[in-house]
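Me: Please give me a close look at the salt bridges in this model. I should like to know which residues take part, where they lie and what surrounds them.

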Amino acid sequence: MRSTALLFSTTIAYFLVSLGANPAVGQDSLNVAESYSSRPTPAPPLYRWEVGYELLPLLNGSTPLQIIVKKHSQRKTGQALRLRVGLNSYATISRNVRVVSVTLPNTNVPRTSDSFGGSLRFGTEKNILFGKLGLFYGIDLIAQHFKNLDESIDAANPNLTYESTSQNDNIGLSPMFGLKYRFTSRISLSLEATLNAIYNVQRTTNKTLSRNTQVQLLEQKGKVFYYYLTPLNFLYLSAYF
């Protein structure tokens with residue numbers, strides 16, 4: 001019995017000594033400890049340039065064109081500069097309006113309607129990736145310009161023409177938060193929520209003309225500051241280069 005216990009103790013001691021003397025085992029234990037203690041860091045971008053096309057106008061039936069371009073930093077992991085350009089323009093023209101019968105006096109018949117809008121957003125963002133899913137946050141500087149021209153004739157007096165022009169110029173800041181899903185290394189789908197703080201300057205001009213001669217002019221100008229939250233402001237499909 002004593003010889004069996006001595007053999008068992010000797011075997012355990014030899015095993016412990018061999019385990020401590022094996023540098024590979026000790027190094028593996030150190031590597032495991034380091035892997036658990038290391039903190040996750042954002043994954044570096046696979047490509048430097050990202051170009052996205054806005055999809056929301058296609059879903060809600062509107063016509064603005066919006067493109068976003070991002071330049072991902074190769075020095076600061078996860079950082080990117082971003083530029084978004086938006087354009088909106090439409091025109092409806094009906095020059096030859098003839099009033100056959102007038103059922104309501106002082107009714108205006110539309111003749112021309114033109115609208116143009118442009119917007120720029122320039123900012124920076126921080127990306128954190130978790131496999132194919134990622135999140136990003138940042139802030140944009142906003143600059144917007146919108147102008148609308150409406151021209152109509154008086155149904156009761158076709159010699160009278162009315163022209164109304166409205167112009168809006170906006171500047172502001174827009175903090176944003178977004179989610180991204182990478183289908184492949186070159187294709188992703190992103191959505192953004194934004195908080196917009198806008199300083200708006202509006203100018204309105206109303207003209208009344210009789211046989212192309214101005215008979216009345218009314219001009220108005222206003223300034224206002226406002227802010228609003230848009231839970232889903234942008235939804236865009238991106239390609240990476």
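Reply: A salt bridge is here a side-chain nitrogen of Lys or Arg within 4 Å of a carboxyl oxygen of Asp or Glu. The model is predicted, so to speak for local features a pLDDT of at least 70 is needed and side-chain atom pairs count only at pLDDT 80 or more, while totals for chains, interfaces and linings use all residues. Residues are numbered from 1 along each chain as its sequence is written, and side-chain values use heavy atoms, with hydrogens and water left out.

By this rule the count is eight salt bridges. One of them pairs Arg82 with Glu192, whose closest N and O atoms are 3.0 Å apart. Arg82 belongs to strand 3 (residues 79-93) and Glu192 to strand 7 (residues 187-210), so this pair ties together parts that are 110 residues apart in sequence. Strands (E, at least two residues), like helices (H or I, at least four), are DSSP runs numbered from the N terminus.

Both partners are enclosed by the protein in terms of accessibility: Arg82 is buried, with a relative accessible area of 2%, and Glu192 is buried at 0%. The cut-offs are under 20% relative accessible area for buried, over 50% for exposed, and in between for partly exposed, computed with a 1.4 Å probe on protein chains only.

Glu192 also meets the side chain of Arg84 in a salt bridge, at 3.5 Å from N to O. Glu192 lies in strand 7 and Arg84 in strand 3, so this pair ties together parts that are 108 residues apart in sequence. Arg84 is buried as well, at 4% relative accessibility.

The side chain of Arg84 is in addition joined to that of Glu54 by a polar contact of 3.5 Å. A polar contact is a pair of N or O atoms within 3.5 Å; within protein, one must be able to donate a hydrogen and the other to accept it, and residues adjacent in sequence count only if both atoms are side-chain atoms. Not counting residues up to four places away in sequence, Arg84 touches ten listed neighbours' worth of surroundings, including Gln66, Ser119, Arg121, Phe234 and Tyr236.Contact means heavy atoms within 4.5 Å.

Another pair is Asp169 with Arg203, with the closest N and O atoms 3.1 Å apart. This pair links distant parts of the chain, Asp169 in strand 6 (residues 160-182) and Arg203 in strand 7, 34 residues apart. Asp169 is partly exposed, with a relative accessible area of 22%, and Arg203 is also partly exposed, at 35%. Salt bridges that share partners join Glu54, Lys70, Arg82, Arg84, Glu125, Asp140 and Glu192 into one network.

Met176 is in contact with members of this network: leaving aside neighbours within four places in sequence, its contacts include Arg82, Glu125 and Glu192.
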